[in-house]
Amino acid sequence: MERIPVAGPWISAKEIAYVTDAVTNAWYDQAGFYHQRFERAFAEYVGMRHAVALPSCTSAIHLALCALDVGRGDEVIVPDVTWIASAAPINYVGATTVFADIDPRTWCLSAEAFEQCITPRTKAVIPVDLYGSVPDWSAIRRIAGRHGIAVIEDAAEAVGSEYRGHKAGSLGDVGVFSFHGSKTLTTGEGGMLVTDRDDLLARVLTLRDHGRPPGDKLFFNTEVAYKYKMSALQAALGLAQLERVEELITRKREIFAWYQEELDGVSGVVLNAEPAGTLNSYWMITAMWEERFDLRKEQVMERLSASGIDSRPFFYPLSSLPAYENLPQAVAARARNAVGYSISPRAVNLPSALCLTREQVRRVCVEFKALFRSAS
Ligand SMILES: *Cc1c(COP(=O)(O)O)cnc(C)c1O
């Protein structure tokens, strides 16, 4: 039997047509045609004034930190449980990473934990819309506003999610997205930075093009900076995907509903939350089980894998990774972040690829239920 993939895109004839057109025509005076269309449509979709297409979400976070003038001596707060890309750019700019605990229900940054981590050096916070879920944005914004802390929303996993009628990515000073091949909307590799602020846009446009202010025709660099650009082929792919974004999100929500139906009545197992007033685009359908089950996520992954089912571990807390091992901030986080450390060992991402069929989800759930029956 074919292996059931954990993540993957949905590519239609539209994407193939747009990329074919781009590789054929997006040269000479048409070189920027697809970037302009993709950026304009994306800004409109998210509800922000500006969007800048980039080679990755990691580069978007890096540029956001630079544009906000975050550097040596500054502290930046991130949720302890996220993909390392949310935090790695803090090192790029020489600032200090502070790992705050997550909320037990949304699995996103806890507003209280965020507040407790604030010091006079805190310059920015990077809340993450984990697996398509959203944190308590009104509390986070209120706390950040009171302390004059800039907010970078890492919406890499949450295109199409909503908080009280606002699209994910529009809730901070800057929003960032990933179009990696595993993400809901893909350009293969790629990212987007969105903002309402003209000053940040101007900095980002200069910093991402080797210190050339927009419109520079003389190759007269005003500073040493970075080269972070998306290709026209990727922009064409992104535009086609964006024109189908409702279809992509509807499919993710449908896959989630299939899991809900199949796992209904399995006591002690919960799936992703969708608190009132929010919409979850369910990038990764995730199952978390109660502590009473004598099962660790690695065992569950292994058992599923033996049945031809790919899965992923719920992220390990960043402060537990060898990458951060000896940092004082990681040591402090290990002693403090009880929620993240409690949840992480007992949750997995189940297959959530856009190509999944109802029958494949049924197969996953049959294996998953058998595992939990024998463990209870
Ligand atoms: C995928 C991801 C990123 C990084 O995206 P890239 O495009 O691979 O740089 C950042 N943050 C989160 C939460 C992600 O899931």
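Which backbone nitrogen does the side chain of Thr 122 reach? The backbone nitrogen of Thr 119, at 2.8 Å. This is a predicted model, so to speak of local features takes a pLDDT of at least 70, side-chain atom pairs count only at pLDDT 80 or more, and totals for chains, interfaces and linings use all residues. Residues are numbered from 1 along each chain as its sequence is written, and side-chain values use heavy atoms, with hydrogens and water left out.

**Around the ligand**

- Have a look at the ligand: 14 residues surround it (a heavy atom within 4 Å), and the closest are Thr 58, Asp 154, Glu 157, Ser 178 and Lys 183.
- Sorted by class, that shell has 5 nonpolar, 6 polar and 3 charged residues. Here Ala, Val, Leu, Ile, Met, Phe, Trp, Tyr, Cys and Pro count as nonpolar, Asp, Glu, Lys and Arg as charged, and the others, Gly among them, as polar.
- Asp 154 puts a polar side-chain atom 2.7 Å from a nitrogen atom of the ligand, while Ser 178 has one 2.7 Å from an oxygen atom of the ligand.
- Lys 183 joins in too, with a side-chain N or O atom 3.2 Å from a ligand oxygen.
- On its own the ligand exposes 380 Å², and the protein buries 92% of that (Shrake-Rupley method, 1.4 Å probe).

**Helix H3**

- H3 covers residues 57–67, and 10 of its 11 residues are buried, so this helix is largely enclosed by the rest of the structure. Buried means under 20% relative accessible area, exposed over 50%, and partly exposed in between (1.4 Å probe, protein chains only).
- Among the buried residues of H3 are Cys 57, Ile 61, His 62, Leu 65 and Ala 67.
- At the N-terminal end, Ser 56 acts as the cap of H3: one of its side-chain oxygens lies 3.4 Å from the backbone nitrogen of Thr 58.
- Just past H3 comes Asp 69, with a positive phi of about 65°.
- Helices (H or I, at least four residues) and strands (E, at least two) are DSSP runs, numbered from the N terminus.

**Two more residues to find**

- Thr 122, from the opening question, belongs to strand S4 (residues 122–125). Its relative accessibility is 8%, so Thr 122 counts as buried.
- Asp 21 is in helix H1 (residues 13–25), and because its relative accessibility is 27%, Asp 21 counts as partly exposed.
- Asp 21 and Leu 233 are 212 residues apart in sequence, yet their C-alpha atoms are 8.7 Å apart in space.

Technical notes
A polar contact is a pair of N or O atoms within 3.5 Å; within protein, one must be able to donate a hydrogen and the other to accept it, and residues adjacent in sequence count only if both atoms are side-chain atoms.
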